[in-house]
Amino acid sequence: MMRTIIEQNVLLYVMAAAGMLGILSQVMLNRCYRLLIREASDAQMEKKEFMKKLKMRFQTDRKRSGDRMNMAVFLQKNLMDYRYRRLSLHQWKRLGAGLFLVSLVLGAGGVVYSMQTGVAQVHIRHIYEMAAVITAVTVAVDLWLDEAYKRSYLLTVLEDYFCHSGVSTDYQEVNLETAVTEKPRKKAPAIVGIRRKSDGEQTETRAQKEKRELQENMMRLNAGARESAAELEQNRERKREILRQMDPKEQERIIREVLAEFLA
């Protein structure tokens, strides 16, 4: 059976298929990095899911840690958690390396078997040639894509965004709300029955005071809603991460328990 596979060049086709799939996985990883770099660096483009979640997590972590926040660790952690077509960036890289090794192992196994069973030397030479071609193409594609540089460039762009334009944009509205809510506290208390100051400046009327208090309450409600949304999204991410780490049987058991409790 194995001898027939070698003599009919089926082993060569399998080696080539594994090598090409490994190269394709590296191309997919490169495409992912290009999309993330484009989304992070283009200030005019509408931010997509990755940047929206990253900004929300940044706001939450910044509130917790303040000036002690480690931006490099924050970005590294979120890139590790990012999923592109259900695989993390590290899993895409490992997939390419694994398929390349599978191709070489198949070739080595074919050579050993051919030497032990006396298969013609021409078939052994073909296996060597195929392994050399796969290795050369894989190395050339890896050098051309330069995944390490793209990852480093992406981290640099993200750090520049959050350390410069991102922080000022995200917290401009929060600082404005703080200034508005603190400004009335500095005013002197109004005296009942006095409508104007001694210098002729008109004091705040009852209608103006009610309007200002309504605006302040609306700002507080909006800030509380944004903070609640950020905490809710973080809880959802935490639950998703826990479910990803479980095996399928454990996930199925938990889902059944939740449904049984819901339908009870």
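Leu21, Leu24 and Val27 together form a nonpolar patch on the surface of this predicted model. The accessible area of these three residues amounts to about 250 Å² together. One of them, Leu21, belongs to helix α2, which spans residues 10–41. The relative accessibility of Leu21 is 47%. Partly exposed residues are those between the limits of 20% and 50%, and Leu21 is therefore counted as partly exposed.

A second patch on the surface is of another kind, for it is positive. Arg64, Arg236, Arg238 and Lys239 make up this positive patch. Helix α8, which covers residues 206–245, supplies the largest share of the patch, namely 3 residues. Arg238 is situated in helix α8. With a relative accessibility of 40%, Arg238 also falls into the partly exposed class.

From these surface patches the description turns to helix α4, which comprises residues 71–81. Within α4, the residues Met71, Phe74, Leu75, Asn78 and Leu79 are buried. They lie on the same side of α4, because the arc they cover around the axis is only 125°. Val73 and Met80, by contrast, are exposed and are found on the other side of α4. Helix α4 thus has a side that carries the buried residues Met71, Phe74, Leu75, Asn78 and Leu79, while Val73 and Met80 are exposed on the other side.

Definitions and conventions:
Residues are numbered from 1 along each chain as its sequence is written. This is a predicted model: local features need pLDDT of at least 70, side-chain atom pairs count only at pLDDT 80 or more; totals for chains, interfaces and linings use all residues. Side-chain values use heavy atoms; hydrogens and water are left out. Patches are made of residues with over 30% relative accessible area and no salt bridge: like charges are joined within 9 Å, nonpolar side chains (Val, Leu, Ile, Met, Phe, Trp, Tyr) within 5 Å. Accessible areas come from the Shrake-Rupley method with a 1.4 Å probe; for residues, only the protein chains shown count as cover. A salt bridge is a side-chain nitrogen of Lys or Arg within 4 Å of a carboxyl oxygen of Asp or Glu. Lys and Arg count as positive and Asp and Glu as negative; His and the chain ends are not counted. The place of a charge is taken as NZ of Lys, CZ of Arg, CG of Asp or CD of Glu. Helices (H or I, at least four residues) and strands (E, at least two) are DSSP runs, numbered from the N terminus. Buried means under 20% relative accessible area, exposed over 50%, partly exposed in between (1.4 Å probe, protein chains only). The arc is that of the directions from the helix axis to the C-beta atoms.
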